[in-house]
Every structure is written in structure tokens, then in C-alpha cells.
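Here's a quick bench-side briefing to read alongside the model. Keep the viewer open and click through the residues as they come up.

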Amino acid sequence: MGSGFTVIFDCLLLLMLFGICRGGTVGVCYGRNADDLPTPDKVVQLIQLHKVKNVRIYDSNIQILKAFANTGIELMIGISNLDLLPFAQFQSNADTWLKNSILPYYPATKITYITVGAEVTEAPNNVSALVVPAMQNIFTALRKAGLHRKIKVSSTHSLGVLSRSFPPSAGAFNSSHAFFLKPMLEFLAEHQSPFMVDIYPYYAYRDSSNNVSLDYTLFESSSEVIDPNTGLLYTNMFDAQIDAIYFALMALNFRTIKIMVTETGWPSKGSPKETAATPDNAQTYNTNLIRHVINDTGTPAKPGEEIDVFIFSLFNENRKPGLESERNWGLFFPDQTSVYNIDFTGRGSLDTATNSNITSSNGTWCIASPNASEDDIRKGLDWACSSGNVDCSAIQPSQPCFEPDSLASHASYAFNSYYQQNGATDIACSFGGAGVRTNKNPSYDNCLYMTLGSNKTATSNATASPLKTPSSVEKVSIWIPGCILMAFLPFL
């Protein structure tokens, strides 16, 4: 028994060391087609607060690349459809772009993917033929710089790239796209790059609500859809759409290409006919999606296989054209307040009666967790007193809550103020794991902690600027991915 455990432990260490099985990740798309968005530095603070480790942007904006430097956040950058021609025409254009736009910021900014074109089959101007030559030139430029194994090159697609997606086992690519899809798939297979696809169950429900169940699109279905060809059982549309792509790839004998979901999400507001575009549905979809991915649930055709997903989008984007829903996919408003509560750890609980995070009543407070690291507490405090819009004057010198002059005490006051001002929800007290709820009133002497529905806080006899604390390095966490545990279950 002892020697068997030693072998398993050694294998686990080796697997984690070499990254054979790292687990699925959840990132966020940082679109900027909006007015009054926060500065990139503020955006990075918001992303760090929510422990997001993967971000997609749609260009290679220098200010954004600088803002993400030394954060450890993995960044996917893009080349737009409008820029495909020069990259496809001349290798020198790709070389120059890499030299001027990427190399000065790498590796401080952790760029891991470059998307060459976006949903080209949906583009009004036919640029499909330019995609693969541009990808090849970008790859060659990376190889010259010795980065072709560290930065992967691919292109994103809509589900419209398929001619058939139901049942999943009948998934097939549209033959009209074969002229560029086949060489692209060959490129992806050769260079071990993922097939990137944007998946939106929302649209399937909106456009065919008579045939598609809302619960099925929200990961909430209690019934199963059976694929008649394989007998596989599907409880949600996301898995069915992913497997349709898997089967389409297998039909062309591309069995080693991984799938990455570069956009998915749900709008929180829509036009009068878009009745499913609500904050509750958006929260339900994204919360269930995060759990699905982090738990490495996989799909019926690929059980236990990790998949990387990017939620669209970080902010509501008021300049986007189209129906009302197009401007309301954001997790946050431009002022950085939440459109609805979302927990990127996958641990948030849902109230089945309201589809919202369980809220506290009067009589609960939020304080700094004694189990949190000093770095995490400091980061949460800095965010609460700046982007979180908490009035932190009471914890300045000579003010009622300055003493005791400790990080935990100051953070507890700021955490609780944010918690009470934002509905006293579980998520409002998370602070990336640095906050914890308590039933004991933390108030003392003249330092009065706010309660839900009350504006009563510590009185201040002077106006002070919000408390600022030094930035800190995020705590590194290590976990055992579910697929490793599955691999060794027979030995346990």
C-alpha cells in the first residue's frame, strides 16, 4: 500500500511538473467598443481582484500590453480582419509588427496566443483566403525570434463554420469554407494550436425558443437530449455544440486538435423581444459555465477533458451596433460596478428561487479572513479604497478606525463597507478569498461598521484621501486537476 501511494504521488508530481494535465481555465474578453471605460491600469486591478488569469484583447494596443506587464496574467492578442492583407502579402510586415509591437513588451507581458482574423466567414468582405498565409507569416516571425513554441497562432470562428451541428455526431464543416479550412486545420495540427470557436447558446434559444429549452441553454436542464447515432446524453447545449465541432474535426481525420472557446456568455438586457436577456439568466449561465469548466467535466464525447473558455465580455459596450443585447454582454459597467454577481472560482452558490447569489440579512458583516495571505488582503484593501468606491477616510491617521493600525483591521473596515453597499452578497465579501463573513459585529469604541440598508459608518472629523497600499504579487495556488485524479482512480 505504501509503495503504491509513493508511485502515484511521484506520477502526480511529474504530471504537474511537465504540465501534461493542467485543468480547464476561464478567462474574460476585454472589448473596448465603449465610452468612459476605466484606464488599462484600473482594468488590470479589477481583473486581478477577481483572480482572472486569462484575458483576450482584440488587437495589440501598447497601453494595454504595458498595463499587463509583470502581472502573470496570460494575454491573447489579435490581428483584425482589416489588417490581414499586409500580413498575408509580405513576411517583412509580420517581422516588423512582431519587432515593434510585441517583442518590446514580452515576456514581462505574458502573451500566449495570437488570433489572426476573427470569424472571417461572417465578415462582409471575403478575407478567408488571407487567413492562412497571414498565420504562416506570423508563425515564421515568431520562429525567427525563438517564440514559436511559447506563443501559439490560430484564428477564431463562429459556429456558422459548420453546415450541421445537430445531432452532435453529425457535425460537419460547411464545404464552401473547405478551401481555407483544410490548410488551416493542417497548420493547427502541425503546430499544436487550438481550434478557436465562439459559442453562444443564447442565440440558439433566442432564434428558436419553440424548439430549444431555456434550461437546456443555461446548464439547468433536468432532462437529456440523446444523440441517436452515438447514444450520448446531453444536458446542455454548450456541450452539444462543442461535440459537434469535435465530430466535424474527426470526420476530416483531425483527431489531435484541441478546441478553445474564445467567446461565450449571455446578455443581461435586450430589446422587448429578447425576453431571455436578463441579469438572472446571465448570472446563471456564466456561473454554471465556470463550474463546468473548472471541474473538468468535459463533454459526453470527451468526458473529463479540460477546455479553456473566455467569457464575453468584461464591460458593457455602448458603441456596439445592433439589437439592445449587443451592448449588454458585460460582467461590469464602465464604472467597474458589477452588472450581476459572478465568482470566477466556481465556488459561488446560487439561490434556486431567485437565481441570484445568496444574500445575507442585517446582522452579518464582512472582515478580512485570518486564513488569507497578507498580499491578498492588501490587494483587496487597495481595490476597495479605489476602484471599489469605498470611503476609507475612517481608517486614516487620527480617524475613528485607524487604531489598531494593522492591515487586517483596516481591510476589515473597507471590506465590510463594500459588502454592505453592494447587497451583502457572498460575492461582495469574496475579495479573491481574502474576505469572510461573520455574525459578530466588528464595531468598537467610536468605530462603527456599516450594516445592510444603513448609511451608518464611523464618523470622521476630517476629509482624507482614500487609503492606498503598495501593490503586491498574487499568491500562487496549486491544485490537482480532476483529470489526474481520474487517471489514478483505479489505484486508489
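What follows is a short tour of the fold, the core, one helix, the salt bridges and the disulfides.

Keep in mind that this is a predicted model. The protein has 492 residues, and 52% of them count as buried. On the secondary structure side, you're looking at 14 helices and 16 strands.

**Overall picture**
- Take the contacts with a separation of 6 or more: 73% of them are between residues 24 or more positions apart.
- The accessible surface adds up to about 22,300 Å², and carbon and sulfur atoms make up 54% of that.

**The core**
- In soluble globular proteins, nonpolar side chains tend to be buried together.
- Here, the largest nonpolar core takes in 133 residues, and Val55, Ile138 and Phe195 have the most contacts inside it.
- Helix H10 (residues 237–251) supplies the largest share of this core, with 10 residues.
- If you want to see what packs around valine 55, look for its contacts further off in sequence, including Val28, Tyr30, Ile47, Phe68 and Phe310.

**Helix H11**
- H11 covers residues 279–294, and its 16 residues reach 22 Å from first C-alpha to last, close to the 22 Å expected.
- Since 12 of those 16 residues are buried, H11 is largely enclosed by the rest of the structure.
- The buried set isn't just greasy side chains: among them are Asn281, Gln283, Thr284, Asn286 and His292, along with Leu289, Ile290 and Val293.
- Just past the end of H11, aspartate 296 has a positive phi of about 50 degrees.

**Salt bridges**
- The count for the model is 16 salt bridges.
- One of them pairs aspartate 198 with arginine 56, with the closest N and O atoms 4.0 Å apart.
- Aspartate 198 sits in strand S8 (residues 195–198) and arginine 56 in strand S2 (residues 54–56), so this pair ties together parts that are 142 residues apart in sequence.
- Both aspartate 198 and arginine 56 are buried, and together with Glu263 they are linked in a salt-bridge network.
- Aspartate 207 and arginine 206 also meet in a salt bridge, at 3.0 Å from N to O.
- Aspartate 207 is exposed at 56% relative accessibility, while arginine 206 is partly exposed at 29%.
- Glutamate 324 and arginine 327 form another salt bridge, at 3.3 Å, and glutamate 324 is partly exposed, with a relative accessible area of 26%.

**Disulfides**
- How many disulfides does a search of the whole structure find? There are three.
- Cysteine 366 and cysteine 429 form one, with their sulfur atoms 2.1 Å apart.
- This pair links distant parts of the chain, 63 residues apart: cysteine 366 is in strand S15 (residues 365–368), and cysteine 429 is in the loop between helix H13 (407–421) and strand S16 (435–438).
- The S-S torsion of cysteine 366 and cysteine 429 is about 90 degrees, so the disulfide is right-handed.
- Cysteine 385 and cysteine 392 form another, with sulfurs 2.0 Å apart; its torsion is about -85 degrees, so this disulfide is left-handed.
- Cysteine 385 and cysteine 392 are both buried.
- Cysteine 401 and cysteine 447 also form a disulfide, with sulfurs 1.8 Å apart.
- Cysteine 401 lies in the loop between helix H12 (374–384) and H13, and cysteine 447 in the loop between S16 and helix H14 (482–488), so the pair ties together parts that are 46 residues apart in sequence.
- The torsion for cysteine 401 and cysteine 447 is about 105 degrees, so the disulfide is right-handed.

Technical notes: Residues numbered from 1 in each chain as written. Predicted model: local features only at pLDDT ≥ 70, side-chain atom pairs only at ≥ 80, totals over all residues. Heavy atoms only, no water. Helix = DSSP H or I, 4+ residues; strand = E, 2+ residues; numbered from the N terminus. Buried < 20%, exposed > 50% of the residue type's maximum accessible area, 1.4 Å probe, protein only. Contact = heavy atoms within 4.5 Å. Areas by Shrake-Rupley, 256 points an atom, 1.4 Å probe, with all protein chains shown as cover. Core = buried A, V, L, I, M, F, W, Y, C linked by side-chain atoms within 4.5 Å. Expected span 1.5 Å × (residues − 1). Salt bridge = Lys/Arg side-chain N within 4 Å of Asp/Glu carboxyl O. Disulfide = S-S within 2.5 Å. Lists of a residue's contacts leave out its neighbours within four places in sequence.
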